[in-house]
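Visitor: I would like a close look at a single part of this structure, the second largest pocket. Please describe its lining, and then the parts of the chain around it.

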Amino acid sequence: SLRKVGKDITVLLICITVFLSYLPEAGQYSSFFLYLKQVIDFSASNLAAFIAVVGILSIIAQTVFLSILMRSIGNKNTVLLGLGFQMLQLAWYGFGSQPWMMWAAGAVAAMSSITFPAVSALVSKNADSDQQGVVMHFIVELDDLVHVH
């Protein structure tokens, strides 16, 4: 059944996009909190607050903004916007040198959390009904693959 998925060019492109978007994210997750603590000089309480705030903002992004964006600009453009937010937050983290910059980049990171749900919706619309489970499983496996250290 995975061969059938590979024959659908749209679904294949979605899977490749997911894989390429997960690669920098995996690197970020493995070292980001150490970076905040040792380079940006976040205290343990600042780090905990940062994680909590970005988590709450991600929930808001995925519940409020995602539905608005999906209705107004469509699935594909919402995925592209989410990927744009991801690029911006990774660049901001990379070039930022002050604590306030990390907090602002965290807000952008929260907005980038719309990408995976938007991809899921796009797969749901583009994959054949008998292939949706296989494609979603493949996407989750790609996530697992890039997060192996």
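Guide: Three helices, α2 (9-38), α4 (75-95) and α6 (115-126), each supply at least two residues of the lining of the second largest pocket. The model is a predicted one. Of the contributing helices, α2 gives the most to this lining, with five residues. The full list of lining residues is Thr 10, Leu 13, Ile 14, Thr 17, Val 18, Lys 76, Val 79, Leu 80, Leu 83, Val 119 and Leu 122. The volume of the second largest pocket is about 190 Å³. As background, rolling a probe the size of a water molecule over the atoms shows where empty space is left.

The spacing in that list can be read with one general rule in mind. An α-helix has 3.6 residues a turn, so residues three or four places apart point the same way. The lining includes Thr 10, Leu 13, Ile 14, Thr 17 and Val 18, and also Val 79, Leu 80 and Leu 83.

Helix α6 can be taken next. The 12 residues of α6 reach 16 Å from the first C-alpha to the last, close to the 16 Å expected at 1.5 Å a residue. Buried in α6 are Thr 115, Ala 118, Val 119, Ser 120, Leu 122 and Val 123. Two of these names, Val 119 and Leu 122, also appear in the pocket lining.

Helix α4 leads on to another part of the chain. Trp 92 lies in α4 and counts as partly exposed because its relative accessibility is 29%, between the limits of 20% for buried and 50% for exposed. From Trp 92 to Ala 104 the C-alpha distance is 8.6 Å, with their positions 12 residues apart in sequence. Beyond α4, Ser 97 sits in the loop between α4 and α5. Ser 97 is partly exposed, with a relative accessible area of 47%. The C-alpha atom of Ser 97 is separated by 8.3 Å from that of Val 39, although the two are 58 residues apart along the chain.

After that loop comes helix α5 (residues 99-112), whose 14 residues should span 20 Å at 1.5 Å a residue; the end C-alpha atoms are 20 Å apart, so the two values agree. The buried residues of α5 include Met 102, Ala 105, Gly 106, Val 108, Ala 109, Ala 110, Met 111 and Ser 112. One of them, Ala 110, is 8.0 Å from Ile 59, C-alpha to C-alpha, at a sequence separation of 51 residues. Ile 59 belongs to helix α3 and counts as exposed because its relative accessibility is 53%.

Helix α3 (residues 44-73) also provides the largest share of a nonpolar patch, seven residues. This surface patch is formed by Val 53, Ile 56, Leu 57, Ile 60, Val 64, Phe 65, Ile 68 and Trp 103, which together have about 630 Å² of accessible area. Val 53 is placed in α3 and is partly exposed, with a relative accessible area of 35%. That value is above the 30% a residue needs to count towards a patch.

Between α2 and α3 there is a loop that holds Asp 41. Most residues other than glycine have a negative phi. Asp 41 is not a glycine, yet has a positive phi of about 70°. Asp 41 is exposed, with a relative accessible area of 62%.

As for the chain overall, there are seven helices and zero strands, and the pattern along the sequence is α-α-α-α-α-α-α. Buried residues make up 36% of the 149 residues.

Methods:
Residues numbered from 1 in each chain as written. Predicted model: local features only at pLDDT ≥ 70, side-chain atom pairs only at ≥ 80, totals over all residues. Heavy atoms only, no water. Patch = residues over 30% accessible without salt bridge, like charges linked within 9 Å, V, L, I, M, F, W, Y side chains within 5 Å. Areas by Shrake-Rupley, 256 points an atom, 1.4 Å probe, with all protein chains shown as cover. Salt bridge = Lys/Arg side-chain N within 4 Å of Asp/Glu carboxyl O. Helix = DSSP H or I, 4+ residues; strand = E, 2+ residues; numbered from the N terminus. Buried < 20%, exposed > 50% of the residue type's maximum accessible area, 1.4 Å probe, protein only. Expected span 1.5 Å × (residues − 1). 1 Å grid on protein atoms, 1.4 Å probe; cavity = no way out; pocket = protein on both sides within 12 Å on 5 of 7 lines; lining within 4 Å. Points joined across faces, edges and corners; volume = space filled by probe spheres on them.
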